[in-house]
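Thanks for asking me to take a look at this one. Here are my notes, as numbered points you can follow with the structure open beside you.

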Amino acid sequence: MSDLSDVGQPSARSRTPIGTLVTELAEKDPTAPAVTFEGFTTSRAELESAANQLARVYDALGVAHGDMVTIGLPNGPEFIVACCATWKLGAVPQPVSARLPLAERQAIVDLADSKLVVGVQPGTHGDRACVPEGFVPDAALDDGPLPPLVSPSWKAPTSGGSTGRPKLIVASQPGVMDNLVALFFGIEPDGVQLVAGPLYHNGPFLFAMVGLFSGQHLVVLPRFDAAAALDAIDRYGVQIAMVVPTMMNRMLRVIQEAERTYKLDSIQRLWHMAAPCPEWLKRAWIDLLGPERIFELYGGTEGQATTVIDGRDWLAHPGSVGRVVTGEMTVLDENGAAAPAGQVGEIYMRSGPKGTPTYRYIGAVARRRDGWESIGDLGWMDDEGFVFLADRRTDLILSGGANIYPAEVEGALLEHPAVESCAVVGVPDDDLGQVVHAVVHLVGPATQAELAAHLQSRLVRYKVPRTWEFVDEPVRDDAGKVRRSSLTHRN
């Protein structure tokens, strides 16, 4: 698989525009299910018709080839139709959370110079065209195919990163696709995929849209719910799903506590990514599904390089995120020299010595060193080339001269049955520089002393939190993300 230079993006080998692919699928089998959402199924023909009408609305609002269209809709067929309408005009979908406050969305819209903002009332962003959530085009509008156009970039997701300032990550790959990416991920034509995460995040967006272009039936959850996800897998015969460790933990607890039995026998590939997965959790899922059905991917939205590991290789190299399958990776020490095998350093990536850039930033500058780029992760490689993650460079806690990686402490905390979600941060300390602070969301009875004792049996003493905070809501979102800087600012 080492020659898959286009993995994570539609390949430029085919010149078939994405919008035309949607049309071809509808013509091939118009009644086949395209999207199921809250018990209602949209057929391929219905998706195609809705996207064509909406594209004509967007066109009338001034959207032209190459324009950015900011899409702030919740999970559901409306989000998918909006993306398809955008591609049909050769424009660039720029997904954002439907829950963004106006000021945050305005900053992104200004960066993108969006021609259209979808999901808000007209007038929300000054003179920019806006289409509200729930908008339905005039039924008299032509719903026939549009002339084929190729978007210069197939997606432009956002990332706040560790700074909290938004940036756009504009894919270099145009709005065309062949089956290379689908084959790589095991996304089979006419299969069934569970879309469990928020579609404005890159991972769920990538898997769902590549599945859609491949003719898959997408079973979309409005928001992640562990029991609903497990029910959907069995009810619809889901074959592939992309999840994050937070989801894996919640589903595992439902399986362990439920009175019913979940079969999960239709699952062929369960992919997880986006956050470190504690070893105990990974082993539990390998025991549940078998190592041949568990896959992990590591890489950034930027797409410079990617590692992949299946459950069999993971059992031989526990804790690894795999070997490089696209692009190149290296680990550098603080002086920029190659770190020896087993030594933690900063992970740098590139698409290859002469590789074509896979993205461009709007609103940020890449962290570069001698032609390599970093997305801020710390880790190491073993002498076989397997990559292991430590944590984000910006999340590293320095306490009394010792390096503490929050992911390790969080993984140990999550083993406690009362902990639903958590985040660990460093807070200032006059003596040690920083000390460990834990923010915890409980779903069962547990005292601070009990949690500390739980950690003391698993971690060296200096890694056990000195201070604790208990909250009433999940610390992480459905994509497993937490903005640590906002937690440290509260303390």
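1. Start with the surroundings of His 217. Leaving aside residues up to four places away in sequence, His 217 touches Pro 33, Ala 34, Val 35, Thr 36, Gly 191, Val 192, Gln 193 and Tyr 236. One of these neighbours, Thr 36, also makes a polar contact with His 217, side chain to side chain, at 2.6 Å. His 217 is found in strand β10, which covers residues 217–220. Its relative accessibility is 11%, so His 217 counts as buried. Please keep in mind that this is a predicted model, here and in every point below.

2. Next, the nonpolar cores. The largest has 92 residues, and the members that touch the most others are Tyr 58, Ile 80, Leu 194 and Met 209. A second core is separate from it and holds 20 residues, among them Ile 397, Leu 414, Val 436 and Trp 468. As background, nonpolar side chains in soluble globular proteins tend to be buried together. Leu 194 is a good residue to click on: not counting residues up to four places away in sequence, Leu 194 touches Val 219, Leu 221, Ala 229, Ala 232, Ile 233, Val 238, Ile 240, Ala 241 and Met 242.

3. Is strand β13 enclosed or open to the outside? Of its 5 residues (294–298), 5 are buried, so β13 is largely enclosed by the rest of the structure. Ile 294, Glu 296 and Tyr 298 point one way from the strand, while Phe 295 and Leu 297 point the other way. Glu 296 is thus worth a look, because it is among the buried residues of this strand. Strand β12 runs parallel to β13, and 3 bridges join the two. Across that pairing, His 272 stands opposite Glu 296.

4. Just outside that strand is Arg 293, placed in the loop between α9 (279–289) and β13. With a relative accessible area of 16%, Arg 293 is buried, since the cut-off for that class is under 20%. What does Arg 293 touch, not counting residues up to four places away in sequence? The list is Leu 264, Asp 265, Ile 267, Gln 268, Arg 269 and Leu 270. With Ile 267 there is also a polar approach: the backbone oxygen of Ile 267 lies 2.6 Å from a polar atom of the Arg 293 side chain. For a sense of distance, Arg 293 and Thr 86 are 35 Å apart in space, C-alpha to C-alpha, and 207 residues apart in sequence.

5. Now a sheet to trace by eye. It is an open sheet of 3 strands in the order β7-β8-β18, with antiparallel pairing. Its edge strands are β7 (158–159) and β18 (359–362), each of which pairs on one side only. Between β7 and β8 (residues 167–171) there are 2 bridges, in the antiparallel sense. Thr 158 has Leu 168 of β8 as its bridge partner. Helix α4 (residues 102–112) packs on this sheet and touches β7, β8 and β18, with its direction at about 45 degrees to that of β8.

6. How many salt bridges does a search of the whole structure find? The search finds 17. One joins Arg 128 and Asp 113, whose closest N and O atoms are 3.1 Å apart. This pair links distant parts of the chain, 15 residues apart: Arg 128 is in the loop between β5 (116–118) and β6 (129–131), and Asp 113 is in the loop between α4 and β5. Arg 128 is partly exposed at 21% relative accessible area, whereas Asp 113 counts as exposed at 54%.

7. Another salt bridge brings together the side chains of Asp 231 and Arg 260, at 2.6 Å from N to O. Asp 231 sits in helix α7 (residues 226–236) and Arg 260 in the loop between α8 (245–257) and β12 (269–272), so the pair ties together parts that are 29 residues apart in sequence. Asp 231 is partly exposed, at 32% relative accessible area, and Arg 260 counts as partly exposed too, at 41%.

8. A last pair to check is Glu 328 with Arg 350, a salt bridge with its closest N and O atoms 2.9 Å apart. Glu 328 belongs to strand β16 (residues 328–332) and Arg 350 to strand β17 (residues 345–350), 22 residues apart. Glu 328 is partly exposed, with a relative accessible area of 26%, and Arg 350 is partly exposed at 22%. Finally, Asp 110, Asp 113 and Arg 128 are joined into one network by salt bridges that share partners.

Conventions
Residues numbered from 1 in each chain as written. Predicted model: local features only at pLDDT ≥ 70, side-chain atom pairs only at ≥ 80, totals over all residues. Heavy atoms only, no water. Core = buried A, V, L, I, M, F, W, Y, C linked by side-chain atoms within 4.5 Å. Buried < 20%, exposed > 50% of the residue type's maximum accessible area, 1.4 Å probe, protein only. Contact = heavy atoms within 4.5 Å. Pairing = 2+ DSSP bridges. Helix = DSSP H or I, 4+ residues; strand = E, 2+ residues; numbered from the N terminus. Axes fitted to C-alpha atoms, helices over the stretch in contact; angles between N-to-C directions. Salt bridge = Lys/Arg side-chain N within 4 Å of Asp/Glu carboxyl O. Polar contact = N/O pair within 3.5 Å; in protein donor to acceptor, adjacent residues only side chain to side chain.
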